[in-house]
Every structure is written in structure tokens, then in C-alpha cells.
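Here is a friendly walk through one chain, to read with the model open beside you. We will start in a loop and work outwards from there.

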Amino acid sequence: MNVCIVGTGYVGLVSAACFAEMGNNIFCVDVNPNVVEKLRKGEVHIFEPGLAAIVKRNNEQGRLHFTTDLGEGLNEADVVFVAVGTPCGSDGTCDLSFVEAVAREIGQKMTTPKIVVDKSTVPVGTADRVRTLIAEELDKRGESIDFDVVSNPEFLKEGDAVNDFMKPDRVIVGTENEQSAQTLKTLYAPFARSREKLIVMGTRSAEMTKYAANCMLATKISFINEVANICERVGANVSDVRAGIGSDSRIGYSFIYPGVGYGGSCFPKDVKALIGTAQEYGYDAKLIRSVDEVNNAQKHVLSTKILDYYEPQGGVEGKVLALWGIAFKANTDDIREASAIEVIKDLTAKGMKIRAFDPEANERAREEIGHIENLEIMDDQDAVLEGADALAVVTDWNQFRNPDLDNLKAKLNAPLVFDGRNLYQPEEMGKAGFAYFSIGRLPVK
Ligand code: NAD
């Protein structure tokens with residue numbers, strides 16, 4: 001099948017690479033000429049495990065094409081995926097300007113019938129809006145060309161995106177049109193071999209499904225973080241509580257890891273967007289509002305522990321903190337809404353010096369937050385420790401899980417660790433002579 005994909009970010013490029021891998025011919029369009037230039041040379045501009053090899057292979061075999069010109073990519077294909085960003089607007093609602101710009105351009109440039117597929121996460125009613133914008137542009141041209149708009153939200157997670165796309169839990173196709181459903185079924189057949197994996201529903205239900213899924217996951221995270229905060233106060237251990245509740249199959253273990261709150265380009269904005277959509281329709285989404293509030297507070301829990309620790313010693317001014325992990329989670333270079341940024345801002349504002357290291361996100365961090373006073377981003381996990389007064393762990397990268405504690409102790413000025421991801425065991429840290437503070441568990445002092 002000939003497919004056009006607009007937007008070559010985490011979602012667009014992974015979709016393009018995986019569709020190409022199944023033998024489809026994919027035309028990728030992005031407004032960013034630097035990105036297109038790199039991709040044409042087979043260089044991938046984002047870090048996503050396994051992606052570069054698939055892009056390289058399909059580039060070489062001629063199934064992946066990259067352009068900045070939507071007209072060029074669009075008219076090679078019958079199906080056009082819109083996978084551009086939908087960031088949070090200044091009022092907290094979803095900013096649809098990129099999606100709308102693409103819809104207008106499709107209306108201006110299409111010359112043959114198209115199935116336009118919204119893959120970006122968009123509020124309920126956006127498929128109708130995209131339909132209207134395309135029709136308006138066709139009207140202006142005095143053209144009448146058949147098109148349909150389908151909702152096909154994406155559920156991949158950064159860090160495991162290729163695997164998620166290749167073996168999805170489900171593929172949601174939102175359309176009222178039998179022929180469009182059939183085309184998408186054919187395209188997705190290699191990924192969703194079992195029929196039950198491909199679920200066809202109305203466009204509004206499909207749009208809502210994406211928000212409901214992300215809000216449910218965000219709710220689980222805020223729930224366990226709230227439980228962790230209560231555990232700390234009552235002298236319970238959240239790891240034991242997690243094991244205790246997760247063993248109930250109705251609850252399960254996944255997504256109930258306490259930490260420093262969720263970040264990334266999806267959960268924070270999607271939670272806010274659903275609150276906004278509900279409000280627009282006169283409904284106060286109290287539970288989801290609380291999920292957002294709990295998360296905003298959780299991003300400051302680790303910095304508060306550090307500030308409280310140093311308070312009796314005259315504060316953090318002049319102290320040096322080694323910080324492991326800037327990305328919003330492991331296996332990605334994405335730092336959008338990362339909790340580490342809040343930790344860094346809270347502490348550097350009080351005069352603490354931070355030496356931060358991330359295995360993949362350093363480059364992006366230098367671009368986005370490199371200007372912060374008292375922050376130094378370093379490329380060596382060990383070097384940040386040298387002469388630091390304490391270590392804070394903020395991202396759950398595997399390479400942070402099993403450090404050489406003797407080496408850690410030798411390098412730090414004091415044996416002191418603040419763990420925002422509960423990667424270590426309090427008892428073991430205590431035995432090794434560390435003062436150790438984590439989330440929802442009693443500190444070792
Ligand atoms: P991204 O920011 O990584 O990529 C978006 C790309 O679109 C950029 O390369 C940008 O240059 C390009 N773009 C913007 N306007 C354009 C235009 N007019 N024409 C062509 N290209 C244009 O975004 P992302 O993380 O891939 O997310 C895309 C959408 O998918 C969002 O709605 C997001 O919520 C959703 N989503 C993201 C994830 C994820 O894990 N990142 C998962 C599921 C769904």
C-alpha cells in the first residue's frame with residue numbers, strides 16, 4: 001500500500017518504519033528540513049531502541065521516502081496519517097494548530113481520493129473538525145474529491161515503541177465508513193493478526209478511548225504516589241503495600257510504581273486535555289483533576305526531601321548534588337515535562353549546584369535546560385559523583401540499578417542517596433553505611 005505519514009517524530013517515524021518493514025511504500029513529510037535531511041541519509045534524530053536499524057534497512061530498500069513537501073508525499077498515497085504534535089496550549093487545553101494546518105494543506109493539495117487518518121492524540125470531535133477544514137479548502141478550489149477522516153489513536157510507549165507498534169495490545173479504528181475500516185484492517189493485518197486486536201468503533205469513541213487509556217494509567221500512578229505519601233507518614237512501606245495489593249488480579253502490579261510523578265509528552269497534556277474537554281461540555285472531571293494535582297505536587301517530593309535534609313545545616317546553598325537521570329523515564333531521550341527538570345529548578349534556585357548525567361538525554365537537556373544557573377550536564381555517570389555531597393536518582397535507567405556501592409561511597413563527599421524511583425533497598429543501603437531517602441518508605445538515617 002502507498003501511505004503518507006505527516007510528522008516524523010516518535011509516533012510518525014515509528015509508524016512509518018514499521019509499515020515500511022511490512023512491505024508498504026511510505027512517504028514521510030515533516031516541516032523540519034533538518035530532520036528530513038538527516039532521515040534521507042538514514043540518520044535517525046530521536047533515540048528509540050531498534051528504530052535506527054529499521055529506518056536504515058527500509059531506506060536502503062527504497063520503501064521509505066522523506067520530504068518537506070506535503071503535496072509530494074500526499075499525492076503518492078491513498079491513505080494519509082496525521083502524526084504531528086498536539087501540545088498543551090497556554091490555557092491547558094489541547095493545541096490543535098499543527099493538526100489543523102495539516103488538514104488545511106491536505107484540502108489545498110489533494111488531487112485524488114484520500115483516507116485521512118488522525119493518529120495524533122486529539123480531543124473528541126477533532127475528526128469532524130478535520131473533515132470540515134478539508135471540505136472548506138476543497139470548496140475554495142471548486143473541487144469535489146472524495147475523502148474520509150478516520151481516528152486511529154496510537155498507544156505505543158517511548159522506549160519500547162517499535163515493539164509496541166509491531167505487537168500492539170489493540171488497534172483502534174474509529175470510522176463510520178465500512179470501506180475505510182476495510183483499508184485500515186488490510187494495512188494493520190500484519191500487526192493485529194488476531195481479529196479481536198483490531199477494534200472498529202465510531203470516531204468519537206476512538207478519540208475518547210485514547211484519553212481514557214492515558215488517564216487511567218496516570219490515575220494508577222497518582223494513586224500509588226498518594227499511597228506512598230501516606231505510607232511515609234504512618235510508617236508503612238509502600239513496596240510491601242504494592243506487593244500486597246498487586247497480588248489481587250483485579251488490581252495487578254503494573255503501573256503502580258511509586259516515584260517522582262509522571263512526565264513526558266503524553267500523560268500530563270492528555271490528562272489536562274480531558275479535563276478541558278469535560279469542562280467544555282459542562283462537566284467537572286473531579287477525579288482526573290485530582291490525578292493532575294497529585295502529580296504536580298509529586299514532582300517536588302524529592303527536592304523537598306533534599307531541602308529538608310539540609311535545612312538544619314543551613315540549607316543547600318553551595319552544596320553539590322550528583323543527579324542520575326534527566327529523561328522522563330528510562331530508554332528515551334525525551335525530557336518533555338520530565339520530573340528531573342522540576343527537581344533541578346527547585347534546588348538550583350536555592351543555590352545548590354547540580355551535576356547531572358543521563359545516558360541518552362544529555363544533548364536534549366543541554367538545548368532545553370542547559371542555561372539554568374548552577375546546573376552542569378556531564379557525559380560520565382561516574383564523574384558527576386566526584387566530590388558531590390549526595391546523589392539523587394531521578395530516572396529508572398537500568399544502568400543505575402546496581403551501582404558499586406563502595407565506589408559510590410568513595411566518590412561522594414558523604415554517603416547520602418536520595419532515590420526518586422525506589423531502585424535500591426533501604427536495608428542494604430543502611431548496611432552499606434548510607435543515609436538513604438526514597439519514596440513511601442522509612443528513611444535510613
Ligand atoms: P513529536 O513532537 O516527536 O513529532 C511531531 C513532528 O511533527 C515533528 O517532527 C514536527 O516537525 C512535525 N510537524 C509539525 N507540524 C507539521 C506540519 N504542518 N507538517 C509536517 N510535519 C509537521 O511528536 P510525537 O511524540 O510523535 O507525538 C505526535 C502525536 O502522537 C501527539 O499527538 C502525541 O500526543 C501522540 N502520541 C505520542 C506518543 C509518544 O509516546 N510520543 C504516544 C502516543 C501518541
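## Two loop residues with positive phi

Let us begin with Phe255, which sits in the loop between helix H10 (238-246) and H11. This is a predicted model, so please read each value below as computed from that prediction. The phi angle of Phe255 is near 65°, a positive value in a residue other than glycine. Is Phe255 buried, partly exposed or exposed? Its relative accessible area is 31%, so Phe255 counts as partly exposed.

Asn374 can be looked at in the same way. Its phi is positive too, at about 75°, although Asn374 is not a glycine. You will find Asn374 in the loop between helix H15 (362-369) and strand S11 (375-377). With a relative accessible area of 26%, Asn374 is partly exposed.

## Helix H11 and Val271

The loop that holds Phe255 lies between H10 and H11, and H11 covers residues 267-280. Val271 belongs to this helix. Because its relative accessibility is 0%, Val271 counts as buried.

Which residues does Val271 contact, leaving aside neighbours within four places in sequence? They are Cys215, Ala218, Tyr262, Ile288 and Asp292. If you would like a distance to try in your viewer, take Val271 and Leu412: their C-alpha atoms are 39 Å apart in space, and the two residues are 141 apart in sequence.

## The whole chain

Now for the wider view. The chain contains 17 helices and 14 strands. Its radius of gyration is 24 Å, close to the 22 Å that the globule rule gives for 445 residues, so the chain is as compact as a globular protein of that length. Along the principal axes, the C-alpha trace spans about 75 × 45 × 40 Å.

Of the 445 residues, 54% count as buried. The chain exposes about 19500 Å², and carbon and sulfur atoms supply 49% of that area. Among contacts with a separation of 6 or more, 72% come from residues 24 or more positions apart.

## Strand S1 and its partners

Strand S1 takes in residues 2-6, and 4 of these 5 residues are buried, so the strand is largely enclosed by the rest of the structure. S1 runs parallel to strand S2 (residues 25-29), and 5 bridges join the two. Within this pairing, Asn2 stands opposite Asn25 of S2. Between S1 and S2 the chain passes through helix H1 (residues 10-21), and this β-α-β crossover is right-handed.

S1 is also joined to strand S4 (residues 79-82), by 4 bridges, and these strands run parallel as well. Here Val3 stands opposite Val79 of S4.

## Thr8, in the loop after S1

Thr8 is placed in the loop between S1 and H1. Is Thr8 buried or exposed? At 1% relative accessibility, Thr8 counts as buried. Beyond its neighbours within four places in sequence, Thr8 is in contact with Leu13, Cys28, Val29, Asp30, Val35, Leu39, His45 and Phe66.

## Strand S7 and its parallel neighbour

Strand S7 (residues 171-174) is worth a close look at its side chains. Val171 and Val173 point one way, Ile172 and Gly174 point the other way, and all of them are buried.

S7 is joined to strand S8 (residues 198-201) by 4 bridges, and the two run parallel. Gly174 has Met201 as its bridge partner in S8. Together with helix H8 (residues 178-188), S7 and S8 make a right-handed β-α-β unit.

## Nonpolar cores

In soluble globular proteins, nonpolar side chains tend to be buried together. The largest nonpolar core in this model has 55 residues. Which of them have the most contacts inside it? They are Ile306, Leu321, Leu323, Trp324, Ile326, Leu391 and Tyr424.

Ile306 makes a good place to centre your view. Not counting residues up to four places away in sequence, Ile306 touches Val316, Leu321, Leu347, Met352, Ala392 and Phe418. There is also a second, separate core of 40 residues, which includes Cys18, Ile26, Val79 and Ala83. Val79 has appeared before: this is the residue of S4 that stands opposite Val3.

Notes:
Residues are numbered from 1 along each chain as its sequence is written. This is a predicted model: local features need pLDDT of at least 70, side-chain atom pairs count only at pLDDT 80 or more; totals for chains, interfaces and linings use all residues. Side-chain values use heavy atoms; hydrogens and water are left out. Buried means under 20% relative accessible area, exposed over 50%, partly exposed in between (1.4 Å probe, protein chains only). Two strands pair if DSSP finds at least two bridges between them. A crossover is right-handed if, with the strands pointing away from the viewer, the path from the first strand over the helix to the second runs clockwise. The radius of gyration is taken over C-alpha atoms; the globule rule is 2.2 Å times the number of residues to the power 0.38. Contact means heavy atoms within 4.5 Å. Accessible areas come from the Shrake-Rupley method with a 1.4 Å probe; for residues, only the protein chains shown count as cover. A nonpolar core is a set of buried Ala, Val, Leu, Ile, Met, Phe, Trp, Tyr and Cys residues joined through side-chain atoms within 4.5 Å.
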